[in-house]
Amino acid sequence: MAGNFWQSSHHQQWILDKQDLVRDRQLDLAKLSEEEYQKIFNFFASIIQVLGEQLKLRQQVIATATVYFKRFYARNSLKCIDPLLLAPTCVFLASKVEEFGVISNSRLITTCQTVIKNKFSYAYGQQEFPYRTNHILECEFYLLENLDCCLIVYQPYRPLLLFVQDIGQDDQLLTYAWRIVNDSLRTDVSLLYPPYQIAIGALHIACVMLGKENLKPWFAELNVDMDKIQEIVRSIINLYEMWKSYDEKKEIQSLLGKMPKPCPAPQR
Amino acid sequence: MGDNFQNNKTMAPVMMDYEFKIKTQNERSKVEDLFDYEGCKVGRGTYGHVYKARRKDGSDTKDYALKQIEGTGLSMSACREIALLRELKHPNVINLIRVFLSHTDRKVWLLFDYAEHDLWHIIKFHRAAKANKKSVMVPKGMVKSLLYQILDGIHYLHSNWVLHRDLKPANILVMGEGPERGRVKIADMGFARLFNAPLKPLADLDPVVVTFWYRAPELLLGARHYTKAIDIWAIGCIFAELLTSEPIFHCRQEDIKTSNPYHHDQLDRIFNVMGFPQEKDWEDIRKMPEHATLVKDFKRSNYQNCSLSKYMDRHKIKPDSKAFSLLQRLLLMDPNRRITSEQAMQDPYFSEDPLPTQDVFAGCPIPYPKREFLTDDDQEDKGESKARQNQQQQQPNTQQNQVQANNHDHAANNAKRMRMSGQNQGNTGGGGGQQEFHQQQQMMFGGQQQGGGSQQQNNFQQRF
């Protein structure tokens, strides 16, 4: 569905307010600093990305899965559902919504097992992926409820293509900006700003990186709130700054240790 | 052994927080707590079961349609249906009010407004009347109003890049008495169909016969993609069926279990009505995957005397009428030449008196019976539906599909509130309805009566 963003549930229910977002995270931020919280999301976004790639999903589907994941934890603490279960559940649901062929239950579980073992052993050591199909299916119902059945997510990719077309096809610019949009999934911007603004923000960063001074007039003529674009740019640049001094392989185990975890039913 | 078991159990991480689970459970409302629907099944099909329901707490006395989706969990078609209907909002597209997820039996329920009528039942009623030489009183502009609203709804879907993919009379609902009296609601979009494999699901559909009558010629010749033009062809078929009470491309249907799109008998029927397409009328026909089969199986000379104008003339629709001219534009064989829903809505047919009305019954009494409740005896029903297939069409695929949000509270739900479309001037009930009433005339819809009645009736038919 490429319908009207302004009338969509995305625009009407899921462009969140920054203050609300911070407030709803209080429980988790009591145990984690903002930076640690972001690092944990960065890690699970990687899991979703790699799972999606292994399952040969389009980037659009991967991005949608990532947004489901972020939306769930925007309203709930990390302790409510183990993110290691929610991540593949988001991939599973997004692949069905985007009509990209059903992933069989067994293929999903096998892929999770291989990915965790081969690509994320630095985080989980010898521990295997612990969940089975029935866990994913149960989790899927909770996810759908918490998303309030809002499953169509608008992504920055389509507006980005249109903007680049408007600028005059520039493959290098598109490639850079496309990657920046991918990276933006590791920040909160998809919860806070409409996708077309994220596309402009990504283009802006790409222009700076490529030293494309000549595009300044193009930006100046856009009828957009440049303050918002600057906020988006700042969020993404902050991510890049964080990456410079961060070694996920070294730090993630202790971060996962600190993460709030689900509590079992009380013993009788 | 006991130790092992214990061990596994303690090693598995806790997937969900107990407190979160209990809290969510307590907040979740169950469909059976909120609605009465037992014994009120009104539809059954490959999509599942549909019930006519009322609120238990009496906070309103409206009828609702509750659709229990076939199977358990979230199939891809259930996901697509929820995802799209959650976003769609148009007076002529069924409205999803709420989704219920039943965690214990993993059933998915969708709540819609209740539509008392559909074109399958309406046309069937007219056919039965015709067979008994009885007339049915409906306003003379009814077919036009129905078509206009179908086009309006499809135009909305198409402009959102949603293709229906399964338009047929059973999927066109009409609201009964109430605030939306006589309004068309398009239902049951073919959510399960893949864009690149249009025919795949056919093989999976079990005992209900899938009808080919509304299927565009390019699909029968192996076109691999659904398009807007395919929906338009189906609307043309429905329009013709409304004008004549006969499915225009009626074709004997065996239980079609093949995944091959090519269907000889159905193409033969289309050519018998339309004539065999001339090269100049459909240049790209040679590019169709099944073109070679077509050339092998069919002889142009067999259809020399066939044309849509002759067919419609036999059914008392004059070739110089505006209705015929619009029909012809909808039923163009070449999908590239077929008009769009937007163009169709601009057709002179709709600016000619009688003008289309928002209440398709134009304030007149509704002659059609209400839906009957179905029994739960599956065995009996299967036999019955077999018999029905042979004489008429596939099972009325019924009711419902609307959709909407999970956000149950009307107040909180502005995003999904119904908007009146600009094109429809509001004359539902009340004063507008009265006015319409004077224009109303007796007529029989698609009838072929003998004697004095028939001439008068022909006049009306032309004016549809």
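**Exercise 1. Describe how chain B meets chain A in this predicted model: state how many residues of each are in contact, and which residues of chain B lose the most area.**

Step 1. In this predicted model, where contact means heavy atoms within 4.5 Å, 42 residues of chain B are in contact with 45 residues of chain A. Local features need pLDDT of at least 70 and side-chain atom pairs count only at pLDDT 80 or more, while totals for chains, interfaces and linings use all residues; side-chain values use heavy atoms, with hydrogens and water left out, residues are numbered from 1 along each chain as its sequence is written, and chains are lettered from A and ligands numbered from 1 in the order in which they are written.

Step 2. The two chains bury about 3,800 Å² between them, 62% of it on carbon and sulfur atoms; buried area is the accessible area (1.4 Å probe) that two parts lose on being put together, summed over both. On the side of chain B, Met15(B), Phe20(B) and Glu87(B) lose the most area to chain A, and together they account for 19% of what that side buries.

Step 3. Between chain B and chain A the count is four salt bridges, a salt bridge being a side-chain nitrogen of Lys or Arg within 4 Å of a carboxyl oxygen of Asp or Glu. The side chains of Arg28(B) and Glu145(A) meet in a salt bridge, at 2.5 Å from N to O.

Step 4. Helix H2 (18–27), helix H4 (76–87), strand E5 (95–102) and strand E6 (107–113) of chain B each supply at least two residues of the side that touches chain A, and H4(B) gives the most, with eight residues. Helices (H or I, at least four residues) and strands (E, at least two) are DSSP runs, numbered from the N terminus.

**Exercise 2. Find the buried residues of helix H16 of chain A and explain why they line one face of the helix.**

Step 1. Buried means under 20% relative accessible area, exposed over 50%, and partly exposed in between (1.4 Å probe, protein chains only). In helix H16 (residues 248–258) of chain A, the buried residues are Glu248(A), Ile252(A), Leu255(A) and Leu256(A).

Step 2. Seen down the axis of H16(A), these residues fall within an arc of 95 degrees, so they line one face of the helix; the arc is that of the directions from the helix axis to the C-beta atoms.

Step 3. The face turned away from the buried side of H16(A) carries the exposed residues Lys250(A) and Gly257(A), whereas what covers the buried residues includes helix H4 (34–54) and helix H8 (121–124) of chain A.

**Exercise 3. Which parts of chain A does the salt bridge between Lys258(A) and Glu36(A) link, and are the two residues buried or partly exposed?**

Step 1. The side chains of Lys258(A) and Glu36(A) meet at 2.6 Å, N to O. This pair links distant parts of the chain, with Lys258(A) in helix H16 and Glu36(A) in helix H4 of chain A, 222 residues apart.

Step 2. Lys258(A) counts as partly exposed because its relative accessibility is 39%, while Glu36(A), at 17%, counts as buried.

**Exercise 4. Identify where pLDDT stays under 50 in chain B.**

Step 1. Chain B averages a pLDDT of 79, and 72% of the residues score at least 70; pLDDT is the predictor's confidence in each residue, from 0 to 100.

Step 2. Under 50 lie residues 1–10 of chain B, for which the model has zero contacts beyond four places in sequence, and residues 379–444 of chain B, for which the model has 195 such contacts.
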